[in-house]
Amino acid sequence: MGFWKSFFATLLALFVFMFLSFFLMIGFIGALSSEQETVIAENSVLHLNLDAQITEQQVDNPFEGLPVLGGEVASVGLIELKEALRKAKDDTKIKGIYLTVSYPMTGFATLEEIRMSLIDFKSSGKWVVAYGDMMSEAAYYLASAADKVYMNPQGDVEWNGLAIEVSFFKRMFEKLEIKPQVFRVGEFKSAVEPFMLDKMSNENRLQLTETINSIYDYVVTQVATARGIDKAKLREMSDKMLVRNAKQAVEYGLIDSLLYDDQLTAELKNRLALADDADIKFVKLNKYRKSYTTYKAAKSEIAVIVGDGEIMPGKGSDGIIGGDKFAEQVRKARENDKVKAIVIRVNSPGGSFQASDIMWREITLAAQIKPVIASMGDYAASGGYYMAMGCDTIVAQPHTITGSIGIFSVLFDASDLMTNKLGITTEQVKTGEFGEMITISRGLTDNEKAVWQRKTEEGYEVFTSKAAEGRNMDVEELKKVASGRVWTGTQAKERGLVDVLGGFDDAINLAAEAAGVSDDYKVKYYPQKQPFFQELMLQLEENSKVNALQKELGMFYPYYLQLQRVQHYNGTQARLPFELSIH
């Protein structure tokens, strides 16, 4: 019996190995072929499908679209997309852009970056046509930059305003028998609400109402300009939800026409002056990116150092900004004589206070010898703002969520979870009263809590004093807009926390101008992207660890995941005080 179990286990392992090897070989061949330059035919149309996860930088994946090895979710890099649109603008073979978008997975600041690039593309005299079976509010905002917006006759467009949704963890902690021990500073009381409440306080509701109205006012203003619809009318349409189906979307001017696929094809052929039986030469983004080189010979460089994700100590990974690794990249750019200016691209809700401070130190050192410009994405809040405040100039989109100048400390007492659900008990011996200040296996004593409160207050003084210095403000004046208060880019500029409302390209231009190299420079991005197969091997290794943990912990694995998440918040934090989503 044991022989046959071993035999079939070996057979299964062999089958899995051959299956993975097959797809690895496909990817390897695809990777080799990707090095070959693509030739674009005359009279082509660039097809942008932006129903994708839009990240700061592209992660090339030869398995994209396949439901194996992490290829089921399409991704688009913002930097690479903007670069492709710049190239297509002057490419005589590209006659226009066909944009399909229904549910883009990104924030409004990123959408604004893409929208600005589409408008710039149109300045060449070329056209942009947008189409969707359905369109979320975010999708429609992006599509409104097109010359024409079409929709499936049975489709729907969302135009009913925005909402912010905040996640609260109080009841989850109660179910898990975890007790948050929170220490905070400042008058703004929402700083740690998700750990203590199960709904918004009045102060937080006021803050978020002002935030969402600021974002939506800008959205409505831009759509009004693009579509030639009175702003007050757009507000009325939204507030009263006058557009509830595709036909009404046409009647109110949001959509130009309702077309089925064949009718849309005929419309595009007409624009291209093609015969009815001719084929449209569509070029997808990934293929178009292989048709040109990004190499540029120049004596000077502008280094763009991308910080995308939560801030943590160490080297970081995808979606995690490692404080040590990021600081190292800044230091290399500072010491490189070819680098004449640095752009810090920040898209982060914050995280570890210490890691944020480590990065701030290197940024301020760099700013002493060469121009350093901050460019804010969807989020540059708390620790994300900490990164930006040492720069010479801060550039943010009107939609950017920023500010949140404040810190909090939180430690979780998981002793009841460990004892009652996991059957684990712990006991300590220590050399003195304060021998262990960070632990989840017991609650803190009153004296330990007092120490943590003082540490938090001291950290807040460090944050606010450095922010005031970077912004050339009096500390007391800066504290009036601090205390963890969240602002949009527009609100932050009004309060002196941001210098310029604009996009990534504006930050690059400011950096080049400040360095005096506007006529001769190239842009280089840091950190350098890892080859796909190196990333794949790391992912497979991580998956094997996850599988082993699931097998070992069984029904307790979900509790383990919650504990891992809790540990991200352990200690002193400079992060957005709540998890929010705008939709």
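A salt bridge here is a side-chain nitrogen of Lys or Arg within 4 Å of a carboxyl oxygen of Asp or Glu. By that rule, this predicted model has 26 salt bridges. Let's visit a few of them, then head for the cores and one odd lysine.

**Stop 1: a bridge across the sequence**

Select Asp 416 and Lys 179. They form a salt bridge, and the closest N and O atoms are 2.4 Å apart. Now colour the chain by residue number: Asp 416 sits in helix 15 (residues 415-421) and Lys 179 in strand 8 (residues 179-184), so the pair links distant parts of the chain, 237 residues apart. Turn on the surface and you'll find both ends partly exposed: Asp 416 has a relative accessible area of 26%, and Lys 179 has 39%.

**Stop 2: Glu 236 and its two lysines**

Next, pick Glu 236. Its side chain meets that of Lys 233 in a salt bridge, at 3.5 Å from N to O. Why are these two separated by about one helical turn? They are three residues apart in helix 8 (residues 231-239). Lys 240 also forms a salt bridge with Glu 236, with the closest N and O atoms 3.4 Å apart. As for accessibility, Glu 236 is partly exposed at 28% and Lys 233 is partly exposed at 32%, while Lys 240 is exposed at 56%.

For a bigger set of charges, select Glu 56, Lys 82, Arg 86, Glu 113, Arg 345 and Asp 505 together. Salt bridges that share partners join them into one network.

**Stop 3: the nonpolar cores**

Time to go inside. Which residues touch the most other members of the largest nonpolar core? Show Leu 48, Trp 159 and Leu 254, which hold that spot among its 64 residues. Then highlight helix 7 (residues 202-227), which supplies eight residues, the largest share of this core.

Zoom in on Leu 254 and show its surroundings. Leaving out residues up to four places away in sequence, its contacts include Tyr 140, Val 149, Val 157 and Trp 159. Arg 227, Ile 229, Leu 234, Met 237, Val 243 and Ala 249 are also among the residues it touches.

Then move over to Met 359, Val 372, Met 389 and Phe 463. They belong to a second, separate core of 45 residues.

**Stop 4: helix 13**

Met 359 is also one of the buried residues of helix 13, so follow that helix from its start. There, a side-chain oxygen of Ser 352 reaches to within 3.5 Å of the backbone nitrogen of Gln 354. The helix has 15 residues and reaches 21 Å from its first C-alpha to its last, close to the 21 Å expected at 1.5 Å a residue. Look along it for other buried positions, including Phe 353, Trp 360, Glu 362, Ile 363 and Leu 365.

**Stop 5: the lysine inside**

Finish in the loop between helix 13 (353-367) and strand 17 (372-381), where you'll find Lys 370. Is this lysine buried or exposed? It is buried, yet it has no salt bridge. Draw a distance to Asp 337, the nearest side chain of opposite charge: 5.8 Å, whereas a salt bridge needs 4 Å.

What does the Lys 370 side chain reach at 3.1 Å? One partner is the backbone oxygen of Asn 336. The backbone oxygen of Arg 334 also lies 3.1 Å from a polar atom of the Lys 370 side chain. Aside from its neighbours within four places in sequence, the residues in contact with Lys 370 include Ala 333, Val 339, Lys 340, Ala 341, Ile 342 and Asp 392.

Conventions: Residues are numbered from 1 along each chain as its sequence is written. This is a predicted model: local features need pLDDT of at least 70, side-chain atom pairs count only at pLDDT 80 or more; totals for chains, interfaces and linings use all residues. Side-chain values use heavy atoms; hydrogens and water are left out. A nonpolar core is a set of buried Ala, Val, Leu, Ile, Met, Phe, Trp, Tyr and Cys residues joined through side-chain atoms within 4.5 Å. Buried means under 20% relative accessible area, exposed over 50%, partly exposed in between (1.4 Å probe, protein chains only). Helices (H or I, at least four residues) and strands (E, at least two) are DSSP runs, numbered from the N terminus. Contact means heavy atoms within 4.5 Å. Lys and Arg count as positive and Asp and Glu as negative; His and the chain ends are not counted. A polar contact is a pair of N or O atoms within 3.5 Å; within protein, one must be able to donate a hydrogen and the other to accept it, and residues adjacent in sequence count only if both atoms are side-chain atoms. The expected span of a helix is 1.5 Å times one less than its number of residues.
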